[in-house]
Structure formats: structure tokens, C-alpha cells
Amino acid sequence: MKNPVVIVGAGLSGLRAASLLAAQGVECKVLEARDRIGGRVLSTSDPNRPDLGKFDLGPTWYWPQYESTISNLVKELNLETFVQHTKGAMLSERSQNMSPERFVLPENSIERSIRLKGGVQSLIDAVEDTIPSGFIELETRVTAIQLDKDGAITVEADLADGRRKKVSASAVILALPPRMVAHHIDFSPSLPQDTINDLISKPTWMAGQAKAIAVYDRPFWREAGLSGFATSWVGPLQEIHDASPETGAGALFGFFGMPPKARREMGEDQVLQLVIDQLVRLFGTSAQNVRAILYKDWSKDSETAAEEDLELLRDFPSYGLPQKKGVWEKKIIFAGTEADSESGGHLDGALLAAEKAVNEINILNNNF
């Protein structure tokens, strides 16, 4: 192929696809609308207290007993890991007027999950290190993909400075949420309506969620025999976990039961005050001594969420490759975690989708 493979999206799936293709000597261009790599992976620290460590506002862990693809990659890249803390009793909050109930779960009742030192961003950075310099272009928003009558592909993108650029491509890997493809990229000729409907039907994983992390000097709840795991029917957080690094600071993070529209109407300051109030109800007055609080509402992230994503997911979606047919069948390839039917929504799904996309590129190469 004389033109590069263009990969749209520099999340885990797009970066892994670029890494695999580069290892085979295939030229790529990774075009990313954001000013950073990682997509829905976001590991951050408080700018005023970087000493407390980095914390994941996106995916946090993986399950090695089920997810061999990410487990093998983590070993291949020599990344350091530690086991998610689950030792101790869990709490259940059924009513704001009642004290939380305390339960000691049977041993091995919680599946062992693994976290990465430095957050999941360490995986993103390690994959980036395997990609040749110049392959990744940030602040490059793909807006259109054209296919001429001779089968040549042109990708059009807007740059941060207002300029537009065009890139000739041998094939395009779309490594971004399906709804982002349907709503924000114009295809000429148009995608079949069945394909568009299929893309819109796939909810973007995490897009309706928000994540709050309260950071402390130490994981004080462990001293009371608590694991940091809690569930609540009161909210605003419906599920809470220990987010502490392996050593040093302590942290608790939670997923919201509060719908995106309610969070927006209330405003971030009030939402976070409710979070602190809830943590105090559950874990005692020590939870007031917050050293930093981190928050990410993914429903307000224009590179992640579409209007359809503003309803919280109640069930795990049915994911897998979108339908392809017609003139685009061998020109565009879908990646991203929603494209994987086995582990869609997980980091492992993003990697599996990348591998399948690269296999499809190899088949196309062998046919030329």
C-alpha cells in the first residue's frame, strides 16, 4: 500500500493498532481530536498536590484471570502492577436516616482485579513508546472521509489553528466510539443507513457516567477494618471503591447513580459537596479531611458522549463490529472497545478490537 493506514482516535485501541502495524513496517497516521493521547483513559493528579499520586478518572483495573490480552501486553511492556485492595468489610447504605450496614463478605467472593502503578496512563504511554515519532498528530479532528470512483480514500481534518488538512489513505481504522463516527464524520458516498443505525445503537461505554475521587493522606478506613467498598441507594454515588495507590496516600472513588442531566443542573460544586457528605456518612468524620478531590463528568466530554448517551446504562450493552457493506466494506475498519463482542467496554476489548483491525489490514494487504 503506497498510502498510510489512517487511524482515527489515539485511545488504547488506536494506539495499539498503530503499534502492531508499525512493528510490521506498515506506515500509519494516528489522527486525534484531543490535545492528549489516551481517549477515555485519564490518569491525573491534583496540580496542587502532585505528591499524592495519579488517579484514574477513566478505567481503573483489569481481571487477569479472564483477560489474557491485556495481561500479556502488560507483561510484554514490563509495567508494574498491584492487586486492588478489597480486604475488610463492605458497607451498604439503604437510607440516609439509617447508619450504613456493615458486611464481611466470604473470602474470595470479590474477583481479584489488577491495577497499574501510575494509573492506566502508564499503559498508554508504554504503547506510545513503541510507535515511531511523527505517527501521532494531536488536535487533528477528522470531519470527513471521501472515496472516489477509483477507490482512493481522502481523510479531511480540522486543525487547532483553523486550517484544514487532507490525508490520502490506503484504509481507515475508526478507533473511536461508534456514535462519534455516526454524528461527527461525513462520508462521501454516504454510509448505508443500516450501518448508521447500527453505529447509533451502540452506547458509548462510560459516556453517561461521572467519576469522583477523594484523596486523603492515608487510607484511614482500613484502620477500621473496612475495605473501602460500599454500595448506596441514597447517593449521589451508588458504588464506591478504594482507589489508593499501593503505598502512601489514600483515595476513594465512586460511580454516580445520579443521571447526567441532574448533575448538570446541580453544578459541579454542589455535586462534590454531596459526595463528601456521603463519604462522611459512610466512613466517618475522617472523610472530611480531603486533601484533593478529582472529578470527571464524561457526559460533558464532546469527544466521548453523544446526546443518546445522556441516559445511564442499566444493562451491559451488546457490543461487536458494526455492519459493513457496499463500497466502504473494505475501506473502513472499526476498532475501539465497543467493536469487540467478547470484552466490549473493557480495556481488554479495546486491545482485542485493535488486533482484529490489524488482521483485517493484513488481509487487505495480501489481496493487493
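The exercises below work through backbone and surface features of a predicted model.

Residues are numbered from 1 along each chain as its sequence is written, and side-chain values use heavy atoms, without hydrogens or water. Because the model is predicted, local features need pLDDT of at least 70 and side-chain atom pairs count only at pLDDT 80 or more, while totals for chains, interfaces and linings use all residues.

**Exercise 1. Helix α7**

Task: Compare the expected span of helix α7 (residues 268-283) with the distance between its end C-alpha atoms, then state where its buried residues lie.

Solution:
1. Helices (H or I, at least four residues) and strands (E, at least two) are DSSP runs, numbered from the N terminus.
2. The expected span is 1.5 Å times one less than the number of residues.
3. For the 16 residues of α7 this gives 22 Å, and the end C-alpha atoms are 22 Å apart, so the two agree.
4. Buried means under 20% relative accessible area, exposed over 50%, and partly exposed in between (1.4 Å probe, protein chains only).
5. The buried residues in α7 are Val271, Leu272, Val275, Ile276, Gln278, Leu279, Leu282 and Phe283.
6. They cover an arc of only 160 degrees around the axis, so they are on the same side of α7; the arc is that of the directions from the helix axis to the C-beta atoms.
7. An α-helix has 3.6 residues a turn, so residues three or four places apart point the same way.
8. Gly284 follows α7 and has a positive phi, near 95 degrees.

**Exercise 2. Positive phi outside glycine**

Task: Locate Asn78 and Met206, and classify each as buried or exposed.

Solution:
1. Most residues other than glycine have a negative phi, and most peptide bonds are trans.
2. Asn78 has a positive phi of about 55 degrees and sits in the loop between α2 (68-76) and β5 (81-83).
3. Asn78 is exposed, because its relative accessibility is 68%.
4. Met206 has a phi near 80 degrees and lies in the loop between α5 and β15 (210-216).
5. Met206 is buried, because its relative accessible area is 17%.

**Exercise 3. Cis peptide bonds**

Task: Give omega for the bond between Ser188 and Pro189 and for the bond from Gly235 to Pro236, and place each proline.

Solution:
1. The bond joining Ser188 and Pro189 is cis, with omega about 0 degrees.
2. Pro189 is in the loop between β14 (186-188) and α5 (193-201).
3. The bond from Gly235 to Pro236 is cis, with omega near 10 degrees.
4. Pro236 is in the loop between β16 (226-232) and β17 (237-242).
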